[in-house]
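I opened a fresh page for this one and went from the whole fold down to a single side chain. My notes follow in the order I looked things up.

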Amino acid sequence: VLVLVTKHGNIRIDLRPDLSQGSVDYIHQLVESYGQSRCRHCNFYRSEQKGILQGIMENKGVVPTNEILGSCPPGAQKISNDCPPWDKDCGCHGPVMTRGAVAWAAGSAGGPDFFISGYKQPAKWWGTQHTNFGFIDDVESMKVIDAIFALPTNTKGDMTFLNDLIHFDLQLE
């Protein structure tokens, strides 16, 4: 379990090596690289109300990001992906995201940008093109995410950002 420790409460992510062993290995290396010190490059910055909460976790110049895309779970091969022209590796890299699913952003194999789905319904419009590496299934963590969704935001272009970054530290349980 990866715990994101925020001033709003903890977010517990059950890591899923069955979906992306490379991502889980990256997260373990990332946590170990920081040891007892604060994660300098870990924060939430984007909040699409009740949709996605996006953040970044990395240790620049210390831990290289994972480059192995997630696996396509049984039955997901039949799901259509509307692949953007810039994503040369687009395809099935995980299940359709549901509320509480955690994946790397922009079709990346290993971040460092990631997002948590807050949508009430499955995000079928994304297909299976995101590398999923975890899932949040405890009520308290989802309450923290919903509280963050309620914070002030501002819109730039077609994206909505938190007015203030929310720092988090990383812990493994």
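**Entry 1: the whole chain**

I note up front that this is a predicted model. I started by counting elements, and the chain has two helices and ten strands. Reading from the N terminus, I wrote down the order β-β-α-β-β-β-β-β-α-β-β-β.

Next I checked the overall dimensions. Taken along the principal axes, the C-alpha atoms fill a box of roughly 40 × 35 × 30 Å. The radius of gyration is 15 Å, and a compact globule of 173 residues would be near 16 Å, so the chain agrees with that expectation. I also looked up burial, and 50% of the 173 residues count as buried. Of the contacts between residues at least 6 apart in sequence, 69% join residues at least 24 apart.

**Entry 2: the sheet**

In what order do the strands of the open sheet lie? I traced β8-β9-β3-β4-β6-β5-β7-β2-β1-β10, ten strands with antiparallel pairing. The edges are β8 (153-156) and β10 (169-172), each of which pairs on one side only. I looked up the twist as well: ignoring direction, neighbouring strands are turned by 30° against each other on average.

**Entry 3: around β6**

I then walked through the strands around β6, bridge by bridge.

- β4 and β6 run antiparallel and are joined by five bridges; on this pairing, Gln 54 has Phe 115 of β6 as its bridge partner.
- β5 and β6 are also antiparallel, with three bridges; here Trp 104 is matched with Phe 114 of β6.
- β5 (residues 101-104) pairs with β7 (residues 132-135) in the antiparallel sense over three bridges, and Ala 101 has Phe 135 of β7 as its bridge partner.

I checked how covered β6 is, and four of its five residues are buried.

**Entry 4: helix α2 on the sheet**

Which strands does α2 touch? Helix α2 (residues 139-149) packs on the sheet and touches β1 (2-6), β2 (9-15), β3 (41-48), β4 (52-58), β6 (113-117) and β9 (159-167). Its direction makes about 120° with that of β2.

I listed the buried residues of α2: Ser 141, Met 142, Val 144, Ile 145, Ile 148 and Phe 149. Looking down the helix axis, I found that these buried residues fall within an arc of 150°, so they line one face of α2. The spacing makes sense to me: an α-helix has 3.6 residues a turn, so residues three or four places apart point the same way. The cover over the buried residues of α2 includes β1, β2, β3, β4, β6 and β9. On the other side of the helix, Val 139 and Glu 140 are exposed.

**Entry 5: Tyr 45**

I finished with one side chain, Tyr 45, which lies in strand β3. Is Tyr 45 buried or exposed? Its relative accessible area is 17%, and the cut-off for buried is under 20%, so Tyr 45 counts as buried.

I then looked up its neighbours. Leaving out residues up to four places away in sequence, Tyr 45 touches Gln 54, Gly 55, Ile 56, Asp 113, Phe 161, Leu 162 and Leu 165. With Gln 54 there is a polar contact, side chain to side chain, at 2.8 Å. This is the Gln 54 I had already noted as the bridge partner of Phe 115 in β6. For Gly 55, I checked the backbone: its C-alpha atom and that of Tyr 45 are separated by 5.5 Å, with the two residues ten apart along the chain.

Key
Residues numbered from 1 in each chain as written. Predicted model: local features only at pLDDT ≥ 70, side-chain atom pairs only at ≥ 80, totals over all residues. Heavy atoms only, no water. Pairing = 2+ DSSP bridges. Axes fitted to C-alpha atoms, helices over the stretch in contact; angles between N-to-C directions. Contact = heavy atoms within 4.5 Å. Buried < 20%, exposed > 50% of the residue type's maximum accessible area, 1.4 Å probe, protein only. Polar contact = N/O pair within 3.5 Å; in protein donor to acceptor, adjacent residues only side chain to side chain. Arc of directions from axis to C-beta. Rg over C-alpha atoms; globule rule 2.2 N^0.38 Å.
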